[in-house]
Amino acid sequence: MTAPVGARRAGEVVATRPLGAYRQLSIVVPAIAAPARPGQFVTVPPGRADRVLPRTWWITGEHSEVGFGSTLELVVAENPDEEGPLPEPGDVLAVRGPLGRGFGMPTTPVTAVVVTQGAAGAVGRWLTERLRAVGCAAHLVSCAEDPDQHVDLVQARRSADGVVLTEPRAVAAVVADLTDRTAASVLYAVGPVSLSRTVARVASQLVRVSQVTGVEVGAVGICGHGLCGGCDLPLAAGHRRGERSRPCFDGPVLRGDLVDWERLP
Ligand code: FES
């Protein structure tokens, strides 16, 4: 395992705005050495005195200015009962990150399908922007139980070659159909582990490459530091010595065929 890259920095919240059922925070930190990538995240201290584990938030964008620092865009759930109140503009947080391995870009232009669920929809929108910037066609599938849980759709429709809305029980069929129709060669998934399992299975059935997130950043009870073991995933045979991956430490982005999804509960 390699240690996650990311130092603790003082970050000032400079803006918050609604993002569907979620919120986007803009936090200015001292300049970061390498540009952040979709699939990376940050940790911040718990928002309640009776909580021990840090909060984990997806990064959904980043820009740096010489002499000013780096602005990280983060997507967060408003969940004050579980996680305490969200910070307000002017608050300063101890931010650790960007952490982890983000999504890899294809080395040649291809067609990609990006599948997202929940707050991670904002990561999916950013990923489609990055894919198109390197010459790929990128289609976004947004999966949600309720319509207001589709995130960042206006921006996503500008960023992607197409946007398809679906719900969890239909997502496998929708992704398979879209992959077939667009002749996509790579599938990406960002969101809950259940979504990653579905997309990895579809990729395997259609003989496509997949990159998926192995830990649900933003979920309650995630340590994000490789300490609790709560995110461990069983590895498929023949890929690596040892049996398990610890995605908050080794990932969060993993190749879909690296994991033995059938051994998950
Ligand atoms: S979330 Fe604790 S080890 Fe990964």
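1. A residue counts as exposed when its relative accessible area is over 50%, as buried when that area is under 20%, and as partly exposed in between. The model discussed here is predicted. In helix α4, Ala173, Asp180 and Arg181 are exposed, on the other side of the helix from its buried residues.

2. The buried residues of α4 are Val171, Val175, Leu178, Thr179 and Thr182. They cover an arc of only 100° around the axis, which puts them on the same side of α4. Their cover includes the strands β7 (111-117), β8 (137-143), β9 (162-166) and β10 (186-190), together with α5 (193-206).

3. The length of α4 is as expected. The helix has 12 residues (171-182), which at 1.5 Å a residue should span 16 Å, and the C-alpha atoms at its ends are indeed 16 Å apart. Ala183 follows the helix and has a positive phi, near 55°.

4. One salt bridge lies within α4: Asp177 pairs with Arg181, at 3.0 Å from N to O. The two residues are 4 apart in the helix, about one turn. Asp177, at a relative accessible area of 39%, is partly exposed, whereas Arg181, at 58%, is exposed.

5. Asp152 and Arg125 form a salt bridge with an N to O distance of 2.7 Å. Asp152 is in the loop between β8 and α3 (153-159) and Arg125 is in helix α2 (residues 121-133), so the bridge ties together parts 27 residues apart in sequence. Both partners are buried: Asp152 has a relative accessibility of 10%, and Arg125 has 7%.

6. Arg23 and Glu78 also form a salt bridge, with 3.9 Å between the closest N and O atoms. This pair links distant parts of the chain, 55 residues apart: Arg23 belongs to strand β2 (residues 22-29), and Glu78 to the loop between β5 (69-77) and α1 (80-83). The cut-off for a salt bridge is 4 Å, and the 3.9 Å of this pair falls within it. Glu78 is partly exposed, with a relative accessible area of 47%.

7. The domain assignment divides the chain into domain 1 (8-99) and domain 2 (111-263). Their C-alpha centres are 22 Å apart. The contact draws on 27 residues of domain 1 and 28 residues of domain 2.

8. How much area do domain 1 and domain 2 bury between them? The value is about 2200 Å², with 68% of it on carbon and sulfur atoms. The salt-bridge count is 12, but 0 salt bridges are found across the interface of domain 1 and domain 2.

Definitions and conventions:
Residues numbered from 1 in each chain as written. Predicted model: local features only at pLDDT ≥ 70, side-chain atom pairs only at ≥ 80, totals over all residues. Heavy atoms only, no water. Expected span 1.5 Å × (residues − 1). Buried < 20%, exposed > 50% of the residue type's maximum accessible area, 1.4 Å probe, protein only. Arc of directions from axis to C-beta. Contact = heavy atoms within 4.5 Å. Domains from an automatic or database assignment. Buried area = accessible area lost by both parts, 1.4 Å probe. Salt bridge = Lys/Arg side-chain N within 4 Å of Asp/Glu carboxyl O.
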